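Work through these exercises with the model open beside you. Each task is followed by a solution in steps.

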Amino acid sequence: KAALASVIMGLSPIMGKDHTIQHLRPLFLILLKDEHSDVRLNIISNLDSVNKVIGIHQLSQSLLPAIVELAEDPKWRVRLAIIEHMPLLAEQLGVEFFDEKLNSLCMSWLVDGVFAIRSAATSNLKKLVAIFGLEWAQNTIITKVLSMARDPNYLHRMTTLFAINVLADVCPPDVITKFMVPVISNLANDAVPNVRFNVAKTMAKIAPGLDSTTIEMHVKPCLTRLNEDDDLDVKWFAQEALVICH
């Protein structure tokens with residue numbers, strides 16, 4: 001069944017819209033409800049070819065339960081696979097469907113217990129901003145990501161920094177200065193050295209795109225404090241970042 005699921009979607013362009021709806025769509029819907037995760041995943045992995053022929057809305061009601069189940073699968077590699085397909089799904093399903101049904105899933109992956117999942121989820125943020133735009137990002141994900149800086153779990157606070165590193169590539173300097181720099185600066189006081197040296201690394205990442213006033217008033221004072229840290233790793237990364245700022 002997994003092999004069938006991996007090839008059946010490719011028949012849509014050959015059979016055309018009417019035959020796909022009449023003959024293939026019922027099979028797609030059955031396979032989307034299969035008990036084996038690899039069968040469902042193979043259908044979702046090949047949605048693009050169906051979308052071009054009949055539009056993904058024809059499957060959306062059955063698609064959502066399958067996505068949710070895969071997103072919560074106990075096997076982290078299955079969760080990772082669905083994460084990697086999320087940008088394509090987002091593009092095909094549209095912003096309204098995504099925000100209503102899938103946004104919370106994407107945010108939940110940022111606090112997954114497996115580092116590979118958290119890392120893939122942060123990379124997804126950049127792709128989602130590219131699809132839906134900066135205004136959408138400011139209204140939906142940036143605030144949520146930055147709020148994780150107050151999370152009791154230091155791994156989640158670090159995820160905030162990793163996400164800022166990714167989002168800085170698609171956000172203009174004024175957004176970074178207004179929303180992200182204060183959060184990064186506050187995390188410089190974190191009790192966990194791993195968080196503090198990631199603050200230095202994040203400042204080094206975003207500094208080249210910031211104006212001189214922001215550098216002098218916010219970035220350098222933060223790095224100067226970290227340069228006096230008792231932890232050698234924190235101090236080293238702070239020194240590296242200060243070189244970039246000069």
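**Exercise 1. The largest cavity**

Task: In this predicted model, find which residues line the largest cavity, and which elements give two or more residues to that lining.

Solution.
- Step 1. List the lining: Phe115, Arg118, Ser119, Thr122, Thr159 and Phe162.
- Step 2. Assign elements. Helices α8 and α11 each give two or more residues to the lining.
- Step 3. Weigh the shares. Helix α8 supplies the largest share, four residues.
- Step 4. Size the space. The largest cavity holds about 30 Å³.
- Step 5. Count. The model has one cavity of 30 Å³ or more.

**Exercise 2. Aromatic pairs**

Task: State how many aromatic pairs the structure holds. Then classify the pair of Phe98 and Phe132, and the pair of Phe115 and Phe162.

Solution.
- Step 1. Count the pairs: the structure holds six.
- Step 2. Take Phe98 and Phe132. Their centres are 5.4 Å apart, and the planes meet at 50 degrees. An angle that is neither under 30 degrees nor over 60 counts as tilted, and this pair is tilted.
- Step 3. Place both rings. Phe98 belongs to helix α7 (residues 95-109) and Phe132 to helix α8 (residues 115-132), so the pair ties together parts 34 residues apart in sequence.
- Step 4. Check burial, with under 20% relative accessible area as the cut-off. Phe98 is buried at 0%. Phe132, at 18%, also counts as buried.
- Step 5. Take Phe115 and Phe162. Here the centres are 6.4 Å apart and the planes differ by 85 degrees, an edge-to-face pair.
- Step 6. Place this pair too. Phe115 sits in helix α8 and Phe162 in helix α11 (residues 154-167), 47 residues apart, which links distant parts of the chain.
- Step 7. Check Phe162. Its relative accessibility is 25%, so Phe162 counts as partly exposed.
- Step 8. Look for a cluster. Phe98, Phe132 and Trp136 form one aromatic cluster.
- Step 9. Return to the cavity. Phe115 and Phe162 are among its lining residues.

**Exercise 3. Helix α6**

Task: Compare the span of helix α6 with the expected one, and find where the helix kinks.

Solution.
- Step 1. Helix α6 covers residues 76-93, which is 18 residues.
- Step 2. From first C-alpha to last, α6 reaches 24 Å, close to the expected 26 Å.
- Step 3. Locate the kink. It lies at Met86, is about 40 degrees, and comes shortly before Pro87.
- Step 4. Test burial here. Met86 and Pro87 are both among the buried residues of α6, which also include Val78, Arg79 and Gln92.
- Step 5. Look past the end. Just after α6, Gly94 takes a positive phi of about 90 degrees.

**Exercise 4. Ser37 and its contacts**

Task: Is Ser37 buried or exposed, and which residues does Ser37 touch beyond four places away in sequence?

Solution.
- Step 1. Ser37 is found in helix α3 (residues 37-45).
- Step 2. With a relative accessible area of 13%, Ser37 is buried.
- Step 3. Ser37 touches Leu70, Asp73 and Val78.
- Step 4. Connect to Exercise 3: Val78 is one of the buried residues of α6.

**Exercise 5. The whole chain**

Task: Describe the chain by its helices and strands, its box and its burial.

Solution.
- Step 1. The chain has 15 helices and zero strands.
- Step 2. Its C-alpha atoms fill a box of roughly 70 × 30 × 25 Å along the principal axes.
- Step 3. Of its 246 residues, 50% are buried.
- Step 4. Among contacts between residues at least 6 apart in sequence, 64% join residues at least 24 apart.

Key
Residues are numbered from 1 along each chain as its sequence is written. This is a predicted model: local features need pLDDT of at least 70, side-chain atom pairs count only at pLDDT 80 or more; totals for chains, interfaces and linings use all residues. Side-chain values use heavy atoms; hydrogens and water are left out. The expected span of a helix is 1.5 Å times one less than its number of residues. The bend at a residue is the angle between axes fitted to the seven residues ending there and the seven starting there. Buried means under 20% relative accessible area, exposed over 50%, partly exposed in between (1.4 Å probe, protein chains only). Rings of Phe, Tyr and Trp (its six-membered ring) pair if their centres lie within 6.5 Å; planes under 30 degrees apart count as stacked, over 60 as edge-to-face and the rest as tilted. Contact means heavy atoms within 4.5 Å. On a 1 Å grid over the protein atoms alone, a cavity is a set of points where a 1.4 Å probe fits but cannot get out, and a pocket is an open set with protein on both sides within 12 Å along at least five of seven lines; lining residues have an atom within 4 Å of a point. Grid points are joined across faces, edges and corners, and a volume is the space filled by probe spheres set on the points.
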